[in-house]
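Please open the model in your viewer and display both chains as cartoons. The tour below proceeds selection by selection along the contact between them.

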Amino acid sequence: LHSHSLLLFAAPEIEDIYATDTLSLTDAITDLTSELPTTDTVTLTDAVSVEQILGDSFALTEADATISAELYPNEGLLLVEVAYRVQDETSIDAVALPHVLSLSIQESSVVQDLPVMDALPYRKQRGKQGRRFTIRGWTDSLSTLETLRGYADGEKHLLMLPTGDSMNVHVTDVRTPEVVENYDVYDYEFDALEVVD
Amino acid sequence: MVRFGDYALPHVLEAQIQKSRVEIERTIPHRDVAYRADQTTRGRTVRVSGEIRCATISDVAFMIELLRRLSDDTARILDLEDGTTSTMNAKLTDPVYLLDTAEWVANDYRVPYSVTLLEVA
């Protein structure tokens, strides 16, 4: 798997981006290696929008090396961390799922909701239930269907999304409807629940 | 553009506002209509749905993560910017999104999403 990670910070109002990195230099003749720290500062306009911030942040991630970017906001800071190993592929336990058509993902919260007389209600988020996945696809192999059914074994499985995100899941329900008129095409659909590592 | 705090929700296509109240209801034997009394407001619930439209999967991943992180029990100012609905304090919950990979093409990745915003004081 291609290894790549990035760490991003996004904030509503940013004036400067201060980035640091280290270059590894090797002398081809003497084969000596030295580390050269580098820094750079990018100044944005005062009227910067969120979209511009996101775009600028991602411009820093195009390089092969891992880059840490530090943004200093005027107010408020929302940390967004994205780490991925491989993209554009859905796999479970490092085995690619065949012909994935869609992945429905929902992340419900537990909200305490108490009405208050003559006032707006008291609403407090008590926690999250974790993500629920419904994955649909098809395959031309009956043995693949059997393999998919085997994932509903109560054990943790590593699910990797096409966005590069990954998490441990329990596969709870595997549905394999067989439509007689669709020769050699076997649809599958299964539910998975995110579990803690 | 729908703004939530200092952030703009990406490509909003629909905003559905639901306003409900708490109603006390007691059925009464042999009466055609139950005893009903209004108690208080339950606050507005805004269901916003739209699409994340990005040129790279990395951008998609970033926007999804941003939506997930906004569900942090923090009240922010919700402004639908429709010219009629006043701003309100709200908390974002229950993000739902669909990775419709069969429809993805290079340089045009679209992810339908929806979030629920609960009005708070």
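Begin by selecting A:Leu103 in this predicted model; its bridge partner in β6(B) is B:Leu99. Extend the selection to the two strands concerned: β8(A) pairs with strand β6 of chain B, residues 88-99, in the antiparallel sense, and four bridges join the two.

Next, select every residue of each chain that touches the other. Chain A contributes 44 residues to the contact, and chain B contributes 45 residues. The size of an interface is often given as the accessible area lost when the parts come together. Here chain A and chain B bury about 3900 Å² between them, of which 58% lies on carbon and sulfur atoms.

Now show the polar atoms across the contact. Two salt bridges are counted between chain A and chain B. For one of them, display the side chains of B:Arg68 and A:Glu107, which meet at 2.7 Å, N to O. Between the chains, 20 residue pairs are in polar contact, with both residues at pLDDT 80 or more.

Finally, colour the side of chain A that touches chain B by element. Two or more residues each come from β1 (4-10), α1 (50-59), β5 (78-84), β8 (100-116) and β9 (119-139) of chain A. Which element gives the largest share of this side? It is β8(A), with 13 residues. Recolouring the same side by residue class gives 25 nonpolar, eight polar and eleven charged residues.

Definitions and conventions: Residues numbered from 1 in each chain as written. Chains lettered and ligands numbered in written order. Predicted model: local features only at pLDDT ≥ 70, side-chain atom pairs only at ≥ 80, totals over all residues. Heavy atoms only, no water. Contact = heavy atoms within 4.5 Å. Buried area = accessible area lost by both parts, 1.4 Å probe. Salt bridge = Lys/Arg side-chain N within 4 Å of Asp/Glu carboxyl O. Polar contact = N/O pair within 3.5 Å; in protein donor to acceptor, adjacent residues only side chain to side chain. Nonpolar A, V, L, I, M, F, W, Y, C, P; charged D, E, K, R; others polar. Pairing = 2+ DSSP bridges.
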